[in-house]
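This report describes how some of the strands pair in the structure shown below. Keep the sequence and the model at hand while reading.

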Amino acid sequence: MKVLLSWLQEFAPVSGDPGEIGDQLSELGLAVEGVTTVGAGLDGVVVARVLELRPHPDADRIQLVDVDAGDGEALQICCGAFNMSVGDLVPLATLGTTMPNGMEIARRKMRGEWSNGMLCAADEIGLGTDGEGILVLGTDHELGRPLAEALELRPDVLYDLEVNPNRPDAMSVAGVARDLAARQGVPFARPEPSPDEAGEDAAQRLAVEVLDPDLCGRFAVRVLDGVSIGPSPRWMANRLTALGMRPINRVVDVSNYVMLELGQPNHTYDLDAVQGGALRVRRATEGETVETLDGIVRTLSAADGVIADGNDEAIGIAGIMGGASTEISGSTTSVALEMAWWDPISITRSARRLGLRSEASARFERGADPEVADLAMRRFAELLAESGATLAPGMVDVRGNTPTRETIRVRTDRVNSLLGTGLERDEVAGLLESIEFSTRPAGDDLDVDIPSFRPDSATEIDVVEEVARIHGYHRITRTVPQSTLTGSLTPYQADRRAVRSAMVGMGLDEVMPVPFLAPGDLERAGLEPDGITVSNPLVAEESVMRASLRPGILKTLAYNASHRLHSLGVFEVGHVYRRPDGDQPLPDEREHLAVALAGQDAGAAVGVFSALADALDARHYHLAAQVTPGLHPTRTARIDVDGVPVGYVGEVDPGVLDAFGVGERVGWLEVDLEVLLGLPHGGRPYRPVSRYPSSDIDLAFEVDEATPAADVETHLREAAGDLLADLALFDVFRGAPVADGRRSLAFTLRFQSDDRTLTDGEVAEVRQRCIDAVQDALPATLRG
């Protein structure tokens, strides 16, 4: 939608810098896409007559045009447009002229021929958007006269606005002026024309019948006599041109002018061409045809609306385009002026199906004002009266079904809570009344009547939006809404994710066996056969709730082995169910972590727990040898963290493996996650990296099978003290020359100081201290 500042000022005394006004329009939701100064910068552009047209000798797309700029001399111009004829009057930009776009006109050669100026298209001088050809002027202009004087151009500002589909009122100059007046706090007033009436009443000359009241909510007709067809006044033609419409004749131009000004599309019929003295509104019959004003015969469907004459012949497509049979012509003297309200959905569907979208249909699709017809008709008659036309008394006004408008209760507290403002009830009322929303006090709130030109406002929130627009979003303090933080992880859930991440990081695959076991599975796994039995199992093979993750994982290993998939490393995080202690009515349900390392020994399982302890930063743990049902009697240890038992690590008993059909040794780790994660962990202390070199030594001790490697490691750490940078068990060996019942544990120790390079003597001293500590505390001997 384009609007001129001077046109807006006819409705309200708006003022300010053009850029400032543009900002205000954008703040109102009418985004300004462009601001153009028109009617200025045309010094040096004059009226010239075309004397001769001839082809350019060396260019097919350029012709040579001789023009007379008022001095009687032929002036040669090179021109790329071909829409002129000899005798036409055209705008000529003379040498030295600076065009509105900043281009300076100079004498130039074009393919060997001199051009002594430039003939101008409409868009080059700010008169519309047509740039396809040279602007051909009327015949009543004096040669050599400045173009601005000849066309009565006045400096003005043109705003190009983006109007959203929910703002039908802003598709008119009056609608834009109303919002801008409210924004600036100045009065807004629409014209109230009162043209003289004369002649026979309109109802005696034309009948109207609406056969489909859902299609047409209002159909109003008035008659004008004494109409003469001729050019429009220059001021009107200039405004239409600036807004992108081509002036045609005074009747058509007034029709377009009123539509742009008040937002009410209208159509004019040559009254003498309306057969039967009547207009009928109905749905088309399937396959019915009508020739529209553009000369195209269009085939209609039963969903399209038409206006028919008294003989029931279609003479126009409802809300989209009139028919050629009743078109205004040079012989027209009496005009039937129609203004209607059409169902937006029906017009939208017809326009899309026919591929025919007009300025009228664009407004009807959004929802026109059903109550503006009387004002628009009087304005039409007032403008046409300047050419001698008279308005016949009376109006034929037939009503159908239009949208109902309910009174809306607007709560002041709700307005302020939504907008973050502190407006009083009367302030809200003042903002709404400035855009013609009627208000009545209702205690601390308001009852609001929505005007007919705002069908988009139907609920309280719509009215609140209008308050915000007019009050000004820039006046509302920006805040970040506070809301309840939902969806975050609990510390336990975050730790459980860390556990899973650590397991995956070690290359283990997560498995999820069925949480129910068959009778006897617990016994085969070396566990007590007192599992909780489900009273209504789906199948008998899944009737016992698992008391350990071990049976399910061993079944998984056996199944994969049967498919020749060996040496798997898997883990599961799941719940186990044990008989409750005391009077607890429900099972003792706990969440465990289990790890099975097929083809690997207890040392590998210890390495997994060590990595898990590092991931959780559980620093104070100890492994104590302990016989555990179902696990290897001499290769299993209890895990204590801060003195609290949290699980077991070792190997699965060979008898259990045979019972489940697993043919390779299995390293095993099972931890009660709820106990482990409930103990202090995390908060890892960081220390600076030493700049000094380190020294590595290897120590191998022969120990009893019952001596946990963790005990050896504990004594090594204590003896090495602060000089120990790293300690790792890298080998476990059984067999000759190691005695039966004993094994060799080989450790790598790395010594490093934070403040010096260790000497060989210092390394030897701490090495001996470590050897003595292990041999004194444990049944261990250093291997040579």
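## Strand pairing

In this predicted model, five strands form an open sheet with mixed pairing, in the order β11-β14-β17-β18-β19. The edges of this sheet are strand β11 (207-210) and strand β19 (321-322), each of which pairs on one side only.

Inside the sheet, β17 (residues 305-309) and β18 (residues 314-317) are antiparallel and share three bridges. Opposite Val306 stands Ile317 of β18.

A further strand to look at is β6 (residues 89-93). Is β6 mostly covered or mostly uncovered? Strand β6 is mostly covered, with five of its five residues buried. The side chains of β6 are split between two directions: Leu89, Pro91 and Ala93 point one way, while Val90 and Leu92 point the other way. Both sets are buried.

Strand β6 pairs with β3 (residues 45-56) through five bridges, and the two run antiparallel. Within this pairing, Val90 of β6 has Ala48 opposite. Strand β6 also pairs with β9 (residues 118-119), again in the antiparallel sense, over two bridges. Here Leu92 has Leu119 in β9 as its bridge partner.

The table lists the antiparallel pairs described above.

| Strand | Partner strand | Bridges |
|---|---|---|
| β17 (residues 305-309) | β18 (residues 314-317) | three bridges |
| β3 (residues 45-56) | β6 | five bridges |
| β6 | β9 (residues 118-119) | two bridges |

Val90 and Leu92, which point the same way from β6, can thus be followed to Ala48 and to Leu119 in β9.

Definitions and conventions. Residues are numbered from 1 along each chain as its sequence is written. This is a predicted model: local features need pLDDT of at least 70, side-chain atom pairs count only at pLDDT 80 or more; totals for chains, interfaces and linings use all residues. Side-chain values use heavy atoms; hydrogens and water are left out. Two strands pair if DSSP finds at least two bridges between them. Helices (H or I, at least four residues) and strands (E, at least two) are DSSP runs, numbered from the N terminus. Buried means under 20% relative accessible area, exposed over 50%, partly exposed in between (1.4 Å probe, protein chains only).
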